[in-house]
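Subject: Structure for your review

Dear colleague,

Please find below the structure that I am handing over to you. My findings follow it, arranged by topic.

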Amino acid sequence: MKGAPQAPSQVICVVRAVAERLRMPDDVDRLTQQSRAQVPAHIRFPHWHPAQLLLGHTGIAMLYTRLALDDIDWAIAAHAHLATALRSATVDTVGDLLHAAYLHSQIHGGYTKFLNDAAPAHVSAVRDLLNRISQRLRTDGPGLAYAEYDVISGLARGGRGLIIGASLGHAASSSTLQDVLGLMVRMARPILVHGEQVPGWWTDPQLNAAPEADRAAYPHGEFNLGIAHGICGPMSLMALAHRAGHRTPGMLDAIRTMANWVMRKRIVGEQGTFWPGRVAFEDETGKVGSTAPSVTPRSDWCYGTAGVARALYLAGRALKDPMLTQVSVDAMRSIFQRPYGSADIPDATICHGRAGVLLAAVRMASDTGHPALWEGADQMALQLARSFDPTTAFGYRYLLSQNVNGPAVDEPGVLQGAAGVALTLLSYTDARSGAPPIPATWDGALLMG
Ligand SMILES: [Zn+2]
């Protein structure tokens with residue numbers, strides 16, 4: 001980028017320091033297991049899954065795939081992490097491996113046979129999920145669990161792998177993607193619940209796949225909004241599929257319906273623009289007696305302004321709607337107008353930490369060239385680099401509560417660990433230096449682009 005400052009050398013140094021710590025898959029496994037063994041039993045924390053992209057070696061491999069652009073020796077670490085992931089691969093994780101192997105093949109070549117085998121295996125995994133959901137909707141009527149459609153474990157996650165399979169020329173990936181998009185279009189149609197007409201993405205707390213805690217917190221169900229588990233996930237997936245040339249009847253109308261609803265939930269005040277992460281059934285329908293907690297402004301990827309603003313931007317681009325893209329840019333800018341240092345967003349990692357905000361800012365700044373977004377990204381990248389802790393296993397730890405002095409875990413992965421921070425810092429330095437775009441994106445796994 002003309003006139004852009006050189007990426008701070010401190011940021012590059014930190015990325016390399018993280019990369020050195022994550023280089024050996026066996027060491028990563030051992031240190032991760034040791035750290036998780038210390039997590040108090042009452043704290044819910046996802047299991048380490050070696051083959052997962054968001055929580056395992058598959059995502060860590062993507063860090064070395066990118067680093068191998070600068071020094072091909074790093075490719076050895078990429079292959080080692082992929083090989084370790086492959087040994088634990090399941091039907092559920094084959095799409096994750098497809099994503100990481102595709103990224104590597106686009107940049108460095110190779111993995112042809114693996115990609116040809118993984119694409120059909122991923123199709124059958126997504127087909128099983130689609131069939132289960134469709135069958136239940138036919139027999140039991142409307143209502144979803146967010147895990148069925150979200151980007152962490154549901155159809156939005158599966159859809160990303162299908163877009164990759166389709167780009168490899170795999171016909172069944174394209175046709176299955178059409179069916180996934182078709183179900184998302186159906187989600188945009190209103191449904192009747194407890195005598196009220198409500199959006200079709202209503203989540204039913206009584207479903208087996210619904211979290212136990214939701215039965216008490218949202219006894220009549222809710223409408224999840226954030227990008228991690230909410231309607232912003234399917235909306236982004238449809239917008240990204242549209243960008244990749246996929247069309248299905250009613251898709252743009254569905255994106256419009258979802259974007260309009262997200263716009264109606266927007267809160268603009270002294271603290272900038274933010275959204276409720278979840279909307280209780282009672283709040284959506286105007287019924288009294290809501291048990292939902294009051295809304296606190298969040299800036300993060302999973303439930304905060306950064307993830308929602310990026311999703312709205314992608315929707316606005318698909319719809320060619322400058323009002324939507326402008327609102328999303330203004331929302332993103334507003335994050336940098338409220339305090340956003342380590343005291344305000346204690347966690348450093350992607351999910352609900354500073355790396356997630358930086359990632360969305362880099363994407364939005366690259367797309368729009370907006371100086372305030374670049375300025376915010378510059379400051380956030382430096383802050384992240386300065387919070388690298390050389391006394392810890394991987395350089396960054398995941399906080400188990402929003403307390404910087406509270407318990408924390410040595411976490412290596414993309415979603416809530418050091419690999420995600422390092423990849424985000426690399427996306428920042430690449431974008432800031434004006435490097436040519438990489439032919440495939442790692443952050444597609446987070447529906448950022
Ligand atoms: Zn989170």
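In which loop is Tyr111 found? Tyr111 belongs to the loop between α5 and α6, the latter covering residues 112-140. Please keep in mind throughout that this is a predicted model.

**Two residues with positive phi**

Most residues other than glycine have a negative phi. Tyr111 has a positive phi of about 65 degrees, although it is not a glycine. This tyrosine is buried, because 20 other C-beta atoms lie within 10 Å of its own and a count of 20 or more is what buried requires.

Lys320 is another residue other than glycine with a positive phi, in this case near 55 degrees. Lys320 lies in the loop that runs between α14 (305-319) and α15 (322-335). Is Lys320 buried or exposed? Lys320 counts as exposed, since it has 9 C-beta neighbours inside 10 Å and the limit for exposed is 12 or fewer.

**The chain as a whole**

The protein chain contains 18 helices and eight strands. Its radius of gyration is 21 Å, close to the 22 Å given by the globule rule for 449 residues, so the chain is as compact as a globular protein of that length. Along the principal axes, the C-alpha atoms fill a box of roughly 60 × 50 × 50 Å.

Of the 449 residues in the chain, 53% are buried. If one takes the contacts between residues at least 6 apart in sequence, 68% of them join residues at least 24 apart.

**A covered helix**

How many residues of helix α3 are buried? Helix α3 spans residues 57-67, and 11 of its 11 residues are buried. Among them are His57, Gly59, Met62, Tyr64 and Arg66. The elements that cover the buried residues of α3 include α1, α2 (25-37), α4 (74-87), α5 (94-108) and α18 (418-433).

**Two pairs of packed helices**

Two packed helices are described by the angle between their axes and the distance between the axes. I have set out both pairs in these terms.

The first pair to consider is α1 (residues 9-22) with α17 (residues 371-386), whose axes come within 9 Å and cross at roughly 45 degrees. That angle makes α1 oblique to α17. The crossing of α1 past α17 is left-handed. On the α1 side, the contact is made by Gln10, Val11 and Val14, and on the α17 side by Ala381, Leu382 and Ala385. By type, the residues of this contact between α1 and α17 are five nonpolar, one polar and no charged.

The other pair is α5 with α8 (residues 155-167), which pack at an angle of about 45 degrees with their axes 9 Å apart. Helix α5 is therefore oblique to α8. The crossing of α5 and α8 is left-handed. Which residues of α5 meet α8? Gly95, Leu98, His99 and Tyr102 in α5 meet Gly158, Arg160, Gly161, Ile164 and Gly165 in α8. The residues of the contact between α5 and α8 divide into three nonpolar, five polar and one charged.

I would suggest reading the sections above with the structure open beside them.

Yours sincerely

Terms used. Residues numbered from 1 in each chain as written. Predicted model: local features only at pLDDT ≥ 70, side-chain atom pairs only at ≥ 80, totals over all residues. Axes fitted to C-alpha atoms, helices over the stretch in contact; angles between N-to-C directions. Helix = DSSP H or I, 4+ residues; strand = E, 2+ residues; numbered from the N terminus. Parallel < 35°, antiparallel > 145°, perpendicular 65-115°, else oblique. Left-handed = near helix turned anticlockwise from the far one by under 90°. Contact = placed C-beta atoms within 7 Å. Nonpolar A, V, L, I, M, F, W, Y, C, P; charged D, E, K, R; others polar. Rg over C-alpha atoms; globule rule 2.2 N^0.38 Å.
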